[in-house]
Amino acid sequence: MSTTPNDFMAEGEPDQSRSVEGLAVEQVGSATTPDRWWQVIWSSKKARVGLVILGIYVLMAVFAPLIAPHDPLDGSFTPLQQPSGEHWLGTNTNGRDIASQLIFGSRVSLLVGLFGGALATAIALVVGLVSGYTEGTIVDDVLSFVTNVALVIPALPLIITLVAYSDTRGVWLIVGIIAITSWAGAARGKRAQIITLRNRDFVTSAKFSGESGARIIFSEIMPNMNSLVVAGFVGAATGAVGAEAGLAVLGLGDTRSVSWGTMLYQADAQGAIQQGLLTWIFAPGLALALLITAMSFINFGVDLLSNPHLRED
Amino acid sequence: MRYFLRKLGFFVGTLWAVVTLNFLIPRIQPGDPAELMVRRLQGKDSQLDAAQVRAMRSMLGTPDGSLWSQYWDYLGDLLHGNFGVSYTYYPFKVSEVIGQAIWWTVGLVVVTQIISFAIGMVLGAYAAWRRNTKLDATITIGSTFVGTLQPFWIALVLVYVFGYSLGWFPTSGGYSASTPGWNAAFIEEVISYSTLPALTLLIVTPIGWILGMRNTMIMNLGEDYIRLAKAKGLSDRTVALRYAARNALLPSVTGFALALGGVLGGTILVETVFDYPGLGRLMGEAVQNKDYPLLQTLMLLTTTGVLVANLIADLLYGVLDPRARRAEG
Amino acid sequence: MTGSPLLEVKNLEVRYEPKRARSMTAVQDVSFDIAPGEFVGLIGESGSGKTTLATALLRLLEKPGRISAGSITFDGTDITHLDQDELRDLRWRDLSTVFQSSMNSLNPVIRIEPQFRDAIEAHSDLRGEAVSERVRELFDMVFIDHRFITSFPHELSGGMKQRVNLALALALDPKLVLLDEPTTGLDVVVQHSILENVRKLQEEKGFAVLFISHDIGTVLDLSDRILVMYAGRIVESQPAGELLREPMHPYTKGLLGSYGDPRAETVRITYIPGRPPDLSLEHQGCAFAARCPEKIERCLTDYPELLPRSAGDVACHVAQQSGGTRHFDGPEFVKSADDSERAREREVVLTVDNVTKVFEKRRGLKVERTEAVTDASFVLHKGGVTALVGQSGSGKSTLARMITGIDSPTEGRIVFHGPDGDQQVSSFRGRALRDYRSHVQMVFQDPYSALNPTKRIGQILERPLVNFHGLKGEERRRRVEELLETVALTPSDRFVNRYAYELSGGQRQRVVIARALAVLPEVIVADEPISSLDVSIRAEILELLNDLVQTHDVGILYITHDLLSARMLADDVIVLNEGRVVEQGPALQVIRDPQDDYTRTLLDAVPNPF
């Protein structure tokens with residue numbers, strides 16, 4: 001028995017009204033329902049802040065055409081203007097409005113984060129589930145090996161190499177390449193968890209209840225992995241946002257749209273520092289940092305799910 | 001012993017997989033990257049010799065010959081260090097170009113990573129030991145915040161502050177006037193030019209170690225052997241170092257090599273910003289110029305580097321954790 | 001008791017005040033003394049606060065727990081609020097401990113010797129070879145070969161680790177050793193020998209012991225005096241002999257009633273219905289009142305103080321007035337010998353015929369063969385219970401896996417005499433195996449892991465009905481209710497929409513049994529179904545299983561390490577040792593007149609307070 005207070009939970013108030021003869025049956029515990037995963041996440045102050053900031057970014061991305069004062073690709077303004085009422089953050093060397101670029105840039109980051117993260121999580125889930133459920137067989141051996149190889153290959157050099165061959169670099173290419181290079185860590189985690197879950201008696205008892213293999217995986221085991229999947233998604237999305245920005249800084253971004261990474265690339269390439277256009281450099285970097293901060297804060301909440309030791313903070 | 005053999009086996013297997021992946025990437029591309037390279041090189045120099053064309057083809061693929069025989073040629077070329085010629089640095093061979101750049105990156109990464117790891121372990125362990133104090137909060141929140149900044153952006157800010165505004169350090173290149181060699185003037189220049197790239201990496205890379213170490217350490221502090229060590233009346237120092245930190249260190253050791261992959265990614269970007277003459281800048285240039293032989297070789301090289309680091313970390317883990325050596329396959 | 005006590009606890013209160021949950025008083029108003037050299041037992045079931053108390057005594061409580069009132073005086077020093085630096089001198093030299101989880105209380109990455117050395121060097125002048133000499137001496141005391149001194153912890157078996165922990169606790173000749181469930185999780189036979197070792201060393205060295213356990217049987221054997229803890233309070237304190245002869249608190253009576261003499265013609269064991277109160281809620285009166293058969297009006301309103309009576313102290317209004325009876329007046333499960341006679345006449349439903357199971361494990365090029373079961377033969381009767389008794393590693397679970405079709409025998413055969421004639425179990429694959437499971441079901445050891453935490457009870461019970469009987473809608477709903485009522489989870493509508501974590505261990509085990517019953521099986525394999533439950537409620541589950549045999553005509557294979565429960569439930573007993581059947585026959589006969597040494601060892605290990 002541990003000294004955690006959990007030992008004392010799950011007991012109901014003694015029902016005083018029962019007589020001695022009525023003792024044979026216990027009553028059900030009162031409201032000691034453990035929190036659901038979203039409640040646990042929301043209970044963390046940091047996670048709440050993170051979710052609010054993320055919400056603001058989403059609104060900014062969705063309503064970018066309404067919020068932004070100008071077309072981000074309109075190069076008809078006087079270049080190198082300092083911030084003003086007309087150009088909140090000034091204009092760049094190509095005569096484009098920096099504030100508008102910043103607002104539209106959120107779209108690429110969020111899209112890549114959402115879809116890159118989701119796709120990577122989906123791959124991780126499939127590989128992890130199959131590999132874990134077939135543990136000890138040749139299928140698992142092969143999948144585990146592939147996972148471990150994918151894990152040790154450094155992601156960014158591989159992404160760069162893959163992207164470099166392509167002439168047109170749309171957002172979806174970037175999403176796809178980020179996803180197929182970054183699923184491995186999560187897959188390994190899911191494999192480990194499914195192995196623990198699979199050996200739990202409730203899985204054996206599901207077999208005794210006549211359940212099919214697919215139902216056991218998807219109806220018995222999967223619902224127990226929610227927290228891991230959520231954590232995996234947040235982590236993958238954060239990684240994807242960073243990777244997209246990194247690619248863009250190397251000049252490998254989507255050439256037809258504006259992202260914070262492409263802004264930084266151009267700012268660096270066209271000597272923004274030397275020309276005193278600090279907003280051009282600082283604004284996209286800070287916008288990225290704040291987005292990633294929000295996601296890391298959300299991850300604090302998610303960490304509480306998988307690591308109850310941290311909950312007392 | 002079995003543990004070490006298994007790890008060695010995994011290394012060989014992964015190395016094979018990576019070499020093969022490197023073989024396949026250019027071959028699954030639409031079009032004919034090799035043909036493209038040859039034609040562009042011929043544009044530079046019509047005297048391109050047959051051996052170089054052949055090397056290029058074995059690296060990037062050829063329309064004739066079975067995939068199988070191409071694979072053998074490719075493996076043979078790799079063994080002989082024959083990676084073709086670089087388009088960017090023509091007429092230099094890829095091996096020569098890389099041979100120039102590699103020490104810059106190795107020096108930068110090795111020095112900064114050893115320091116980063118040490119900083120991370122110490123701060124992480126200390127924050128966990130002083131859990132829920134102001135100091136812990138400062139370390140944790142500070143790291144989390146810095147961790148959200150992108151390495152290339154930090155590099156740009158450092159360029160602005162220390163290079164452009166204060167003018168303390170050079171912001172671009174690896175050395176300037178002096179001749180490369182073991183002379184005082186050159187070494188001084190290298191240090192001065194490397195300061196800002198190194199500083200960028202030293203800001204970015206300890207973060208993961210700090211937070212990771214703090215988490216594992218906190219988990220370890222809940223273990224019975226820690227409670228028993230406290231009950232034994234051992235000094236805080238002994239409990240914290242010999243019992244808690246010693247155990248909490250283990251996951252970080254295995255994590256080291258994996259993290260190195262991430263560090264290399266960051267290094268590429270940082271080198272690009274500082275125009276630092278290492279592998280990262282080469283990779284940036286290779287991408288810009290579609291210099292596929294150089295790109296493929298760099299990819300192979302960095303991956304192999306991470307694999308070797310991974311092997312070393314695994315072997316070290318086997319020495320540090322007696323349970324690992326016994327764990328069955 | 002002469003002179004001043006070694007340990008003096010006064011009105012101790014420990015509270016847990018987590019930020020995100022209700023706070024709770026885990027230990028309340030606890031007072032007791034331990035004299036030098038005294039062996040004191042502390043009994044309590046899960047949730048009674050006994051481990052919290054132990055942690056508080058060692059001053060190892062961590063946030064959010066804290067000592068909120070009272071004092072602990074050790075050897076004349078008030079240690080309640082001493083800071084950690086001041087405590088350090090006293091730790092281990094005067095007060096040492098052995099924790100429950102032997103698996104984990106040694107540092108896994110350091111060899112054994114340095115873990116002795118750091119403690120010895122921190123508190124004595126011994127250095128170098130002198131320390132090594134002391135470690136060898138200590139290893140001799142606990143009968144462990146010196147070659148393990150330089151081992152890593154993972155190279156030792158569970159029993160050895162716990163002996164090493166014991167040796168470590170004695171390293172500096174402490175005045176008090178706190179043993180917190182030191183043998184839980186070990187095999188009964190190993191437990192037995194470690195505890196004997198403890199008692200002998202205690203007599204030789206003269207240190208005092210506070211021995212904490214949930215198992216009244218072992219505590220009674222060893223202790224001079226016993227404290228009984230319930231819901232965070234000490235409810236009774238008596239010398240062991242008196243406690244056994246004349247328990248005063250109804251809870252103590254209930255605990256004692258959970259044991260019986262397996263050799264008797266008719267065995268009665270009682271159980272305490274209900275479960276302990278939630279300590280995070282305010283409540284009035286005696287915490288045990290809701291489960292107490294002797295309670296009077298006053299118990300519901302006034303908390304009974306712990307007051308002296310006869311040879312000890314008791315916190316009970318009724319005991320303070322009359323003393324009541326020795327017997328626990330609650331529900332009772334009775335088994336008499338002739339019940340079993342009838343069962344043996346019934347037809348055979350499953351035959352195990354010369355079954356051998358060999359596991360092969362590949363280690364590099366070598367193949368290791370382990371024979372888990374050797375040449376086992378027995379039968380299961382319809383409407384009868386056969387107990388398979390043995391320690392862990394005896395092959396009993398392997399047999400269960402073969403009978404349920406999870407594994408197949410290497411040699412021999414298992415034949416199921418079902419409605420479709422005789423069928424060999426190992427021939428079942430896929431569809432046939434699924435169908436076989438509508439005849440053979442399983443009850444698991446740990447009801448916490450056997451119920452999916454994401455599903456409601458109703459959903460869990462529905463699945464076999466859908467899969468095997470194709471029931472739908474109203475009919476299925478009614479059958480679920482019926483099942484819940486069969487296992488006495490009534491009214492059933494209070495349980496249908498619950499999640500497993502909302503139920504107590506006993507209730508969960510009832511759900512597991514209900515699920516096994518859903519398909520109306522011919523055979524149920526029950527693998528240690530009571531061993532993870534609190535002692536005081538075990539008989540309740542045994543009684544339920546016994547009822548099912550009578551009313552549902554199901555044959556049960558009852559797997560256990562405990563001969564008493566085997567006697568309570570089974571008609572026939574099969575004793576397994578290292579994969580071999582060493583003895584088999586009618587339960588009473590095997591227990592009264594064991595032929596094999598191993599059976600006798602198992603019998604000796606049954607805690608028998610009588």
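Visitor: How many helices and strands does chain A have?
Guide: Chain A has 13 helices and zero strands. Helices here are DSSP runs of H or I with at least four residues, strands are runs of E with at least two, and both are numbered from the N terminus. This is a predicted model, where local features need pLDDT of at least 70, side-chain atom pairs count only at pLDDT 80 or more, and totals for chains, interfaces and linings use all residues, while side-chain values use heavy atoms, leaving out hydrogens and water. Residues are numbered from 1 along each chain as its sequence is written, with chains lettered from A and ligands numbered from 1 in the order in which they are written.

Visitor: Why is Thr161(A) called buried?
Guide: Buried means under 20% relative accessible area, against over 50% for exposed and in between for partly exposed (1.4 Å probe, protein chains only). Thr161(A) has 0% relative accessibility, so the label buried fits. You'll find Thr161(A) in helix 6 of chain A, and 53% of the 313 residues of chain A count as buried.

Visitor: What does the side chain of Thr161(A) reach?
Guide: The backbone oxygen of Pro157(A), at 2.7 Å. A polar contact needs a pair of N or O atoms within 3.5 Å; within protein, one must be able to donate a hydrogen and the other to accept it, and residues adjacent in sequence count only if both atoms are side-chain atoms.

Visitor: Which residues is Thr161(A) in contact with, leaving aside neighbours within four places in sequence?
Guide: Contact means heavy atoms within 4.5 Å. By that rule, Thr161(A) touches Ile25(B), Met283(B), Leu295(B), Gln296(B) and Met299(B).

Visitor: Why is helix 12 of chain B described as largely enclosed?
Guide: Helix 12 covers residues 279–288, and eight of its ten residues are buried, so the rest of the structure largely encloses it. Among those buried residues are Leu279(B), Arg281(B) and Met283(B). The buried residues pack against helix 6 (155–164) of chain A, as well as helix 5 (94–129), helix 11 (236–274) and helix 13 (292–320) of chain B. Just after helix 12, Lys290(B) takes a positive phi of about 50 degrees.

Visitor: How much area do chain B and chain A bury between them?
Guide: About 4300 Å², with 75% of it on carbon and sulfur atoms. Buried area is the accessible area (1.4 Å probe) that two parts lose on being put together, summed over both. Thr148(B), Trp153(B) and Leu156(B) supply 13% of the area chain B buries against chain A, more than any other three residues. In contacts, 52 residues of chain B meet 48 residues of chain A.

Visitor: How many salt bridges does the rule find across that interface?
Guide: Zero. The rule asks for a side-chain nitrogen of Lys or Arg within 4 Å of a carboxyl oxygen of Asp or Glu. There are, though, five residue pairs in polar contact between the chains, both residues at pLDDT 80 or more. Helix 13 of chain B gives the largest share of the side of chain B that touches chain A, nine residues.

Visitor: How do the residues on that side of chain B divide?
Guide: Into 30 nonpolar, 19 polar and three charged. Nonpolar covers Ala, Val, Leu, Ile, Met, Phe, Trp, Tyr, Cys and Pro, charged covers Asp, Glu, Lys and Arg, and the others, Gly among them, are polar.

Visitor: What is the make-up of residues 101–129 of chain B?
Guide: That span is 100% helix and 0% strand, with end C-alpha atoms 42 Å apart.
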